[in-house]
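This report covers the division of the chain into domains, one interface between them, and a few strands, a helix and a loop residue.

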Amino acid sequence: MSKPILVIGGGFSGMTAALEAAEVGYEVYIVEKTPYLGGRVAQLNKYFPKLCPPSCGLEIQFQRIKKNPRVKFFTMAEVTKVTGQAGAYNVSVRIKPRHTLRAEADLSLLADSLEGETTNDFNFGLDSRKGLYKDMPFAFPARYVVDKDACTKDDLNKIAASQFVDLNEEAKNIELEVGSIVIATGWKPYDVTKLTNLGAGQVPNCISNMQMERIAAPNGPTKGVIQRPSDGKAPKKICFVQCAGSRDQNHLNFCSYICCMASLKQALYVREQYPDAECTVYYIDMRTPERYDKFRRRALEDEKINLVKGKVAGVEADPAGDVIVEVEDAVRGIKKKVRYDMVVLATGMQPSLAGAKLPFDVPVDEEGFITGGEEKGIFTAGCAKKPLDVMKSAQSGTGAALKAIQTVRGR
C-alpha cells in the first residue's frame with residue numbers, strides 16, 4: 001500500500017493534482033488556508049479564452065471531489081511542521097475553527113441581520129462583509145464561517161442561538177503520514193500601494209485588475225455593474241496600464257504572463273456593458289502567446305478598444321473625481337496627460353510564498369517562486385512555480401500528480 005499524497009493549496013492546480021492522483025487510486029489530502037477551495041479562479045468574473053464564468057470549471061472540480069472518497073480536504077488549515085523524507089513524511093496541520101456545523105445550512109438571513117462588519121478581502125477591500133459569511137454563492141464547502149472579531153456582542157448572542165453554530169469550537173491539530181508533497185500555493189496580486197507613481201492605492205478611481213474582476217463579477221460588490229468606486233458613475237473612458245510593477249527592478253523583475261490578456265478581457269467587459277465607452281491599453285510589449293493571439297485579434301476588431309505602446313509615468317486624481325494619466329507614446333515620440341473616468345492597473349502575479357516561509361526546506365528564487373525539491377519527493381504545481389494561466393496551471397497540476405505518484409510507488 002502506498003502512502004497518501006499531500007497537496008498544499010486548494011486552487012485550480014492543487015485540486016487538479018489531487019483529483020488526477022485520486023482517480024487512479026491514490027489517497028490525497030488537500031490543505032487549504034482559506035475557508036473555501038477554488039483559489040484565485042473563484043475571484044474572477046470570467047477566464048479566457050472562452051470567457052467562461054469560474055463556476056463552470058470549478059463546479060466540475062467540486063463535483064469530482066464530492067464523488068471521490070480518496071480526496072480528503074481541510075480548509076482554514078495550514079501545515080505547521082514536516083519531518084521525514086521522500087516516501088515517508090510526517091505532517092502536522094493546524095485547523096482553525098469555522099464555528100458552523102457540517103450541515104450546509106442557508107444562514108443568509110441570519111448573516112444579513114447582523115450589525116458588525118469588516119473589510120471584505122475576497123472583494124479586495126471594495127466593500128465590507130458581515131461576521132457570518134460565505135465568500136460566493138457556489139462556495140465549496142457550502143458552509144458559512146463565523147468571524148468573531150467582526151461581530152458585536154449582540155451579533156454573537158444572536159449567532160449562538162442558531163442550531164447550526166458552535167461558538168465554542170476550538171482550533172485543532174492533526175497529524176498526517178504522506179509519501180509525497182505537491183506545493184500549489186498559488187499567487188497574490190502585487191501590493192498596489194507600493195506603486196507610488198501610479199496612485200499607490202490612494203487615487204479613488206484607480207483600481208487594480210483583480211478589483212476590476214470583482215466589480216465585473218455578478219457576485220461582486222456592485223453585482224456586476226462596472227462603475228467608479230468613488231461615486232458609482234458609469235465609466236465611459238477607461239485606461240488600462242500594463243506592467244504595473246512588473247518588469248521593474250524596483251518591484252517584480254519578471255513578466256506576469258497573463259496581464260495583457262486580462263486587460264483585453266476586461267476591456268471587453270466594459271464594451272459589453274457600455275456601447276459608447278472607449279478603452280485604451282497602454283503597454284510596453286503585448287504578450288498574447290500561441291492561441292491567445294486569436295483573442296487579441298478579436299478584441300481589436302472593436303474600434304473602441306485601442307492599444308498604445310507607451311510607458312505610463314504617473315497617475316493622479318482630479319478634483320472632479322477623474323484620473324489624470326501621464327504617458328509617453330513611444331511610437332509617436334510624445335509625452336502627454338490624458339483624463340480618464342477610471343484607470344485599471346495590471347498589477348503583476350506575485351507568488352504567495354513571497355515574503356512567507358514554508359515549514360520545511362524547499363529552494364525558492366529571489367521572487368519567491370519554488371525552484372526545486374523534486375529529489376525530496378516535493379513537487380510544484382501552478383503559479384507557485386511561475387506565472388501561468390488557468391489552462392497551464394491545470395496541466396502543471398497533472399504533471400505534479402504523476403511525479404508524486406512515482407515517488408509514493410518507489411519508482
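In this predicted model, the chain is divided into three parts: domain 1 (5–96 + 171–186 + 352–408), domain 2 (107–161) and domain 3 (191–348). The C-alpha centres of domain 1 and domain 3 are 31 Å apart. Contacts between these two domains involve 18 residues of domain 1 and 25 residues of domain 3. The area buried between domain 1 and domain 3 is about 1800 Å², and carbon and sulfur atoms give 61% of that area. On the domain 1 side, Asn45, Phe48 and Pro49 lose the most area to domain 3, and together they account for 34% of what that side buries.

The interface of domain 1 and domain 3 holds 1 salt bridge by the rule applied. A salt bridge joins the side chains of Lys46 and Glu272, at 3.9 Å from N to O.

Pro49 is also one of the residues touched by Arg291, the other being Met391, when residues up to four places away in sequence are not counted. Arg291 sits in the loop between strand E15 and helix H7 (292–300). Is Arg291 buried, partly exposed or exposed? Its relative accessible area is 45%; buried means under 20% and exposed over 50%, so Arg291 counts as partly exposed. Ile305 lies 14 residues from Arg291 in sequence, and the C-alpha atoms of Arg291 and Ile305 are 20 Å apart in space.

Turning to the strands, E14 (residues 237–244) is mostly covered, with 7 of its 8 residues buried. E14 pairs in the parallel sense with E15 (residues 278–283) and also in the parallel sense with strand E19 (residues 342–347). Together with helix H6 (residues 259–273), E14 and E15 make a right-handed β-α-β unit.

Strand E11 (residues 180–183) is covered on both faces. Ser180 and Val182 lie on one side of E11, Ile181 and Ile183 on the other, and all four are buried. E11 has parallel pairings with strand E1 (residues 5–8) and with strand E21 (residues 378–380). The pairings of E14 and E11 are set out below, each with one pair of opposite residues.

| Strand pair | Sense | Bridges | Opposite residues |
|---|---|---|---|
| E14 and E15 | parallel | 5 bridges | Val241 and Tyr282 |
| E14 and E19 | parallel | 5 bridges | Phe240 and Val344 |
| E1 and E11 | parallel | 4 bridges | Leu6 and Ile181 |
| E11 and E21 | parallel | 3 bridges | Val182 and Phe379 |

Ile181 and Val182 of E11 thus appear both in the table and among the buried residues of that strand.

How many residues of helix H5 (residues 209–216) are buried? The count is 8 of the 8, so H5 is largely enclosed by the rest of the structure. The buried residues of H5 include the charged-type names Glu213 and Arg214 as well as Met210, Met212, Ile215 and Ala216. Asn209 and Gln211 of H5 are buried too. Where do the buried residues of H5 pack? They pack against strand E12 (187–189), strand E13 (206–208), H6 and E19. H6 and E19 therefore recur here: H6 belongs to the β-α-β unit with E14 and E15, and E19 is a parallel partner of E14.

Definitions and conventions. Residues numbered from 1 in each chain as written. Predicted model: local features only at pLDDT ≥ 70, side-chain atom pairs only at ≥ 80, totals over all residues. Heavy atoms only, no water. Buried < 20%, exposed > 50% of the residue type's maximum accessible area, 1.4 Å probe, protein only. Helix = DSSP H or I, 4+ residues; strand = E, 2+ residues; numbered from the N terminus. Pairing = 2+ DSSP bridges. Right-handed = clockwise from strand over helix to strand, strands pointing away. Domains from an automatic or database assignment. Contact = heavy atoms within 4.5 Å. Buried area = accessible area lost by both parts, 1.4 Å probe. Salt bridge = Lys/Arg side-chain N within 4 Å of Asp/Glu carboxyl O.
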